Amino acid sequence: MVMDYQGRKAQANLGKHVTYHQECCPKATQDVHENTKNRDWTCDNFGYGPMNPDFPNDEFWEKKADTFHTSIEEAKSARCGNCAAFDQTWKVMCCIGKGIGTDEEPYVDPRKVIMKANIGYCQLFKFKCSGERTCDAWVHGGPITDECLPKKEYNQEGSDVSNEMGEIIEQLHDASNKHKNQAVRLASLKENM
């Protein structure tokens with residue numbers, strides 16, 4: 001694997017490889033057992049949670065407030081979705097999608113799962129996590145998005161992205177034409193009433 005100066009600098013500063021410099025998907029995005037193992041470790045060692053962010057869990061948020069020496073309200077504002085280690089780049093989201101749905105399971109729509117759960121990838125603890133949860137290692141400044149990445153390193157799979165974008169554009173054109181046709185038909189029906 002060839003790394004440019006920025007990649008070597010990041011590796012030297014962190015003492016390890018940065019995930020988006022790798023050519024393949026992070027293991028936890030493809031292997032539910034690896035993901036669950038890493039998530040459970042983070043729950044036990046760094047207080048990842050709450051189990052259900054929609055359920056009021058005063059005890060959980062009191063512990064977070066105590067950990068950060070702040071109010072419960074402020075602790076609740078520090079979520080994975082705004083953590084600097086929460087990766088929602090196109091490449092990582094494609095990896096997460098591939099790990100959820102496969103060709104053998106055409107009835108699975110990974111986009112719905114990803115959107116409903118606001119899923120991203122934790123670069124600190126190497127697992128898929130919900131943007132509504134938090135942990136004791138929360139870092140201000142996130143999430144990581146495509147705007148954060150140098151284009152050259154990010155676009156390693158440019159042809160795949162380009163192909164998918166072409167498909168989406170074609171679908172949008174088809175939808176636009178369908179809506180135009182429906183509008184013309186409705187206008188005609190209205191005139192004939």
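The following legends describe close-up views of a predicted model.

**View 1. Overall arrangement of helices and strands in the predicted model.**
The protein contains 9 helices and 3 strands, and these elements follow one another along the sequence in the pattern α-α-α-α-α-β-α-α-β-β-α-α. Of the 193 residues in the protein, 32% are buried. Among contacts with a separation of 6 or more, 68% are accounted for by residues 24 or more positions apart. The accessible surface of the protein amounts to about 13100 Å², and carbon and sulfur atoms contribute 54% of this surface.

**View 2. The disulfide of Cys25 and Cys95.**
The structure holds 1 disulfide, which joins Cys25 to Cys95 with an S to S distance of 2.1 Å. The link of Cys25 and Cys95 is left-handed, with -80° about the S-S bond. Cys25 lies in the loop between α1 (5-14) and α2 (27-30), whereas Cys95 belongs to helix α6 (residues 90-100), so the pair ties together parts that are 70 residues apart in sequence. Cys25 and Cys95 are both buried.

**View 3. The surroundings of Cys43 and Cys122, two further cysteines.**
For Cys43, the closest cysteine sulfur is that of Cys135, and because the two sulfurs are 9.5 Å apart, they are too far from each other for a bond. With a relative accessibility of 31%, Cys43 counts as partly exposed. Cys122 is likewise in no disulfide, and the nearest cysteine sulfur, which belongs to Cys129, is 5.2 Å away. A disulfide requires the two sulfur atoms to lie within 2.5 Å. Cys122 has a relative accessibility of 9% and therefore counts as buried.

**View 4. Two cis peptide bonds that precede prolines, at Pro50 and Pro143.**
Most peptide bonds are trans. In this model, however, a cis peptide bond joins Gly49 and Pro50, with omega at about 0°, and Pro50 is placed in the loop between α3 (32-46) and α4 (58-68). A cis peptide bond also joins Gly142 and Pro143, where omega is about 5°. Pro143 is found in the loop between β3 (127-130) and α8 (151-154).

**View 5. Positive phi at His69 and Asn118.**
Most residues other than glycine have a negative phi. His69, which is not a glycine, nevertheless has a positive phi of about 50°, and this residue sits in the loop between α4 and α5 (72-76). The relative accessible area of His69 is 74%, so His69 is exposed. Asn118, also not a glycine, has a positive phi of about 50°, and its place is in the loop between α7 (110-117) and β2 (119-122). Asn118 counts as partly exposed, with a relative accessibility of 26%.

**View 6. The buried residue Lys128 and the residues that it touches.**
Lys128 lies in strand β3. Although Lys128 is buried, it has no salt bridge, and the nearest side chain of opposite charge, that of Asp31, is 8.7 Å away. A salt bridge would require a side-chain nitrogen of Lys or Arg within 4 Å of a carboxyl oxygen of Asp or Glu. When residues up to four places away in sequence are not counted, Lys128 touches Ala28, Thr29, Asn35, Ile96, Ile119, Gly120 and Tyr121.

**View 7. Aromatic pairs, including Trp41 with Phe46 and Tyr48 with Phe127.**
A search of the whole structure finds 5 aromatic pairs. In one of them, the ring centres of Trp41 and Phe46 are 5.6 Å apart and the ring planes stand at 45°, so the pair is tilted. Trp41, at 45% relative accessibility, counts as partly exposed, and Phe46, at 27% relative accessibility, also counts as partly exposed. In the pair of Tyr48 and Phe127, the centres are 4.9 Å apart and the planes stand at 80°, so this pair is edge-to-face. The pair links distant parts of the chain, with Tyr48 in the loop between α3 and α4 and Phe127 in strand β3, 79 residues apart. Tyr48 and Phe127 are both buried. Ring pairs also link Trp41 and Phe46 with Phe125 into a cluster.

How values were computed. Residues are numbered from 1 along each chain as its sequence is written. Side-chain values use heavy atoms; hydrogens and water are left out. Helices (H or I, at least four residues) and strands (E, at least two) are DSSP runs, numbered from the N terminus. Buried means under 20% relative accessible area, exposed over 50%, partly exposed in between (1.4 Å probe, protein chains only). Lys and Arg count as positive and Asp and Glu as negative; His and the chain ends are not counted. Contact means heavy atoms within 4.5 Å. Accessible areas come from the Shrake-Rupley method with a 1.4 Å probe; for residues, only the protein chains shown count as cover. Rings of Phe, Tyr and Trp (its six-membered ring) pair if their centres lie within 6.5 Å; planes under 30 degrees apart count as stacked, over 60 as edge-to-face and the rest as tilted.
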